[in-house]
Amino acid sequence: MMASHCWRLVRQPCSVPRQNGVPFTCPAALLRRFRAGNFFSGIDSANLRRGSCVSCALSSPNRGDGLPEDGIPRIIISTGANDKPSTQASRRRASSSPRNLSSATEALAGQRSAANMESPPLLARSPTYTTREALRGPHEPGPPSGFKWEYLVALCTLGVVICYADRSNMSTAVLPMAQQFGWDKAYQGVVLSVFFGGYATTQILGGKLADQYGGKMVLAAGVALWSLFTYATPAAAAAGTLPLLLSRVMLGVGEGVAFPSIHSLIARNVPVHNQTTAVGIVTAASYAGTALAFGISPLIISNFGWEWVFYSFAGLALLWLPLWLPIQTVDKFQPQVAAPPAAAGDVAAEVAVSGDGSRPWALLRRREVWAICVAQYAQSWGMYGLLNWLPTFFSDFYHIQLSDLGSYTLLPYVFQGGLGAATGFLADYLIRSGWRVGTVRKILQVAGMLGPAACLCLAVSPLVGASASLASGLITLGLGFSALTLGGVSASHLDVAPRNAGLVFGAGNTAATLAGLVSVPVTGYLLQTTGSWPLVFGITAFHYVAGALVWSLWSGDRVLPEDGGGQRSEAVGS
């Protein structure tokens, strides 16, 4: 039965079955096809090649074009002396064996065999970092003289700390502001969430500008803009609803370009085998900025008033910009030289090219990019919900005083930041050690979403009771789990679209922003109408579980064809 199945396969016309655009017209290609399909499992392939007589009907006594009478080239396999063709046409085709070919034809057959043996297998292994390393051509100019990527990452990290401190201070300041201006829970939710409306508008735009022109000045402009409106927030709150909401929107507009421009800079200026480490450090800085705001804001409010939370944090930009502006960065990938056209009869030149880099918007239709967007949305529903409502949760659910909130809201983000930075090192170490990129991304992301789901449900369960310390410990553990995603979705855009990393990250962060735009006011509405924190945390846990499922099914780890760069397909193996 096995022999008859193989016979049906090889009786097909040679022009039908193809691998990477190459017809199966040579022994090695045919053999590799069988091996990939497990047709010859357990058979020594070397003995099979020596004992097989594989011939192509290259000539015919009745035709001058080198084809049989019916014009269809065929491949005949003879595996034994007793296997005799039953028809006269078959005997004529079998007579055209490699022993009867001319020396020129034998040389061409040998070249084709060697070329096909070197091409990647049909079931290629998942890549490590080889694909992304192939983007950097041998003639591409390196970073400026004296450039150190560690210094760039350090300044980006400091910029993210300032970014998250400026956005998180409102979460604590809203408590005394609500008392002074008479805001209810629903209105507090609007004030907290309208920031995300502005934040969503510049994610993709900022990423595209950074990919095209460089991320340095895009980030500098964002820092200047959001710091200005942070400083203006107290005056806007005193002026009324419209000025306050406008200042919050403009704060989001400025901060929206931060992460897309930083990730574009990482893709171009950080060595490939250190990029997940850089992503982990920079993203962990967001937790450090949140911890800074949650830890210092209560002290500033208690001693100087809530207005000084905004004044002092806005002034941090004056320390950062003089350090940032003098540095020099690589702003663009050099265009790759296209593969040479295939010469006549040269099968080795027929390699798959991933694209010309002219279709970045087509990336947004790929399921690998949608996996990033869905995972970002799902985990940000919980991240932004906790970010904005965690002080209120401990104040309402466990009746913690404002002056004591720092000890409960600070620790989760400190732990999350430390573990997040370590996760970047861990992911790069595992991949350099031989783990597949896709395996590392899936394990870390799924663990980083199911862990927080379980911890949040426990934090409001009857098992905890009235223990604020135990609830804080569970939330701390849950946020620690979520830091594992820094080795998952937070670095996936560098795997699938390194040339358009800013754009793809902007798309994912837009989805994350929409989660914040929806989750924060929905949480405020639910608390206003039901007062149920278990319901709020249960909805958050559902988002985590759904996001983990989608990620495990759709995420990818290869450079997508739409990303361009002229990489050859053989670079995907490790």
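Me: Are Arg167 and Glu255 buried or exposed?
Reply: In this predicted model, the side chains of Arg167 and Glu255 meet in a salt bridge, with N to O at 3.0 Å. The pair links distant parts of the chain, since Arg167 belongs to helix α7 and Glu255 to helix α11 (residues 241–255), 88 residues apart. As for their accessibility, Arg167 and Glu255 are both buried.

Me: Which helices are linked by the salt bridge of Arg268 and Asp211?
Reply: The side chains of Arg268 and Asp211 meet in a salt bridge at 3.6 Å, N to O. Arg268 is buried because its relative accessible area, 6%, falls under the 20% cut-off, and Asp211, at 8%, is buried as well. The two residues lie 57 apart in the chain, and the helices that their pair links are α12 (residues 258–269) and α9 (residues 203–213).

Me: Why does Arg366 count as partly exposed?
Reply: Arg366 forms a salt bridge with Glu368, in which the closest N and O atoms are 3.6 Å apart. Glu368 is buried, with a relative accessible area of 13%. Buried requires under 20% and exposed over 50%, so Arg366 counts as partly exposed because its relative accessibility is 23%.

Me: Which residues are joined into one network by salt bridges that share partners?
Reply: A search of the whole structure finds five salt bridges, one of which pairs Arg366 with Glu368. Salt bridges that share partners extend this into one network, whose members are Arg366, Glu368 and Glu562.

Me: Which helix gives the largest share of the largest nonpolar core?
Reply: The largest nonpolar core has 98 residues, and those with the most contacts inside it are Trp324, Phe393, Tyr413 and Phe537. A contribution of 17 residues is the largest share of this core, and it comes from helix α7 (residues 149–181).

Me: How many residues does the other core, among them Val369 and Val504, have?
Reply: In soluble globular proteins, nonpolar side chains tend to be buried together. Apart from the largest core lies another, which includes Val369, Val489, Val496 and Val504, and its residue count is 14.

Me: How many of the residues of helix α20 are buried?
Reply: The buried residues of α20 are Val489, Ser490, Ala491, Ser492, His493, Leu494, Asp495 and Val496, and of these Val489 and Val496 are also members of the core of 14 residues. Helix α20 (residues 489–496) is largely enclosed by the rest of the structure, because the number of its residues that are buried is eight of eight.

Definitions and conventions:
Residues are numbered from 1 along each chain as its sequence is written. This is a predicted model: local features need pLDDT of at least 70, side-chain atom pairs count only at pLDDT 80 or more; totals for chains, interfaces and linings use all residues. Side-chain values use heavy atoms; hydrogens and water are left out. A nonpolar core is a set of buried Ala, Val, Leu, Ile, Met, Phe, Trp, Tyr and Cys residues joined through side-chain atoms within 4.5 Å. Buried means under 20% relative accessible area, exposed over 50%, partly exposed in between (1.4 Å probe, protein chains only). Helices (H or I, at least four residues) and strands (E, at least two) are DSSP runs, numbered from the N terminus. A salt bridge is a side-chain nitrogen of Lys or Arg within 4 Å of a carboxyl oxygen of Asp or Glu.
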